[in-house]
Amino acid sequence: MSVTDEVLKASSNYTKDFALGHLPMPPARKLAILACMDARLTVEQVLGLKTGEAHIVRNAGGIATEDAVRSLIISHHLLGTQEFMVINHTDCGMLTFKDEELAAKLTRETGTAALAPARFYAFHNVEQNVRDQVQRIKSHPWIPREIPVRGFVYDVKNGTLREVQGQA
Ligand SMILES: [Zn+2]
């Protein structure tokens, strides 16, 4: 059985006592989170969030890419979120490579260059990466100034969440 088949079985169990069909579309706690996709970071568990309470946008590195910012804009303007958090974590895979090296390796292995993604957004300092993403979100003209955007680093070894200092 493939892993997809395994999780499909879990999904059919989930359906048996499903009781969340009444939830409205807008997140109840008006919170949106941009986080790394790391498998060790379960955002809902770390923050005590339940289904229906927050938007969680995830990608490799928790980067405020055009697409992540698109989601945050929709989250606020159409679905009413009023606070944003950016969460990175220790031991991130994005610390382990350089954009140009990965692009060169993939081009070599596949024999083909690719126009997209134009960048992988690898970084070498997780705190600075968080500050950069917070800044990128805050400076977007369609994200109102009054929305708090705070950045954090989750420690995958001890489960603590630490706020990144020195944010603009
Ligand atoms: Zn990561």
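**Notebook: salt bridges, zinc site and cores**

I began with helix H5, where the side chains of arginine 131 and glutamate 127 meet in a salt bridge at 3.7 Å, N to O, a salt bridge being a side-chain nitrogen of Lys or Arg within 4 Å of a carboxyl oxygen of Asp or Glu. The model is predicted, so I noted that local features need pLDDT of at least 70 and that side-chain atom pairs count only at pLDDT 80 or more, whereas totals for chains, interfaces and linings use all residues. Residues are numbered from 1 along each chain as its sequence is written, and side-chain values use heavy atoms, with hydrogens and water left out.

Arginine 131 and glutamate 127 are four residues apart in helix H5 and therefore separated by about one helical turn; helices (H or I, at least four residues) and strands (E, at least two) are DSSP runs, numbered from the N terminus. I looked up their accessibility next: arginine 131 is partly exposed at 23%, and glutamate 127 is partly exposed at 24%, where buried means under 20% relative accessible area, exposed over 50% and partly exposed in between, with a 1.4 Å probe and protein chains only.

I then turned to helix H3, in which the side chains of aspartate 67 and arginine 70 form a salt bridge at 2.7 Å, N to O. These two residues are three apart in H3, which again means about one helical turn between them, and I found aspartate 67 partly exposed at 44% and arginine 70 partly exposed at 43%.

The third pair I checked was arginine 40 with aspartate 38, whose side chains meet at 2.9 Å, N to O. Here arginine 40 is partly exposed at 38% relative accessibility, while aspartate 38 is buried at 14%. Asp38, Arg40 and Asp91 are linked in a network of salt bridges, and the count for the structure comes to eight salt bridges.

Which residues donate to the zinc ion? I listed Cys36 (SG), His89 (NE2) and Cys92 (SG), lying 2.0 to 2.2 Å from the ion; donors are N, O and S atoms within 2.8 Å of the metal (3.2 Å for Na, K and Ca), and since water is not among the atoms, sites may look incomplete. In sequence the donor residues are spaced C-x52-H-x2-C. Distant parts of the chain are linked by cysteine 36 in strand S1 (residues 31-36) and histidine 89 in strand S3 (residues 83-89), 53 residues apart. I recorded cysteine 36 as buried at 4%, histidine 89 as buried at 0% and cysteine 92 as buried at 3%.

For the interior, I noted that the largest nonpolar core has 24 residues, of which Leu72, Phe84, Ile137, Ile143 and Val149 touch the most other members; such a core is a set of buried Ala, Val, Leu, Ile, Met, Phe, Trp, Tyr and Cys residues joined through side-chain atoms within 4.5 Å. At least two residues of this core come from each of S1, H3, S3, helix H5 (126-138) and strand S4 (149-154). Apart from this core lies another, of eleven residues, among them Leu31, Ala35, Leu41 and Met85.

Last, I looked at threonine 65, in the loop between strand S2 (54-59) and helix H3 (66-77), which counts as buried at 17% relative accessibility. Leaving aside neighbours within four places in sequence, threonine 65 is in contact (heavy atoms within 4.5 Å) with Asn59 and Tyr121.
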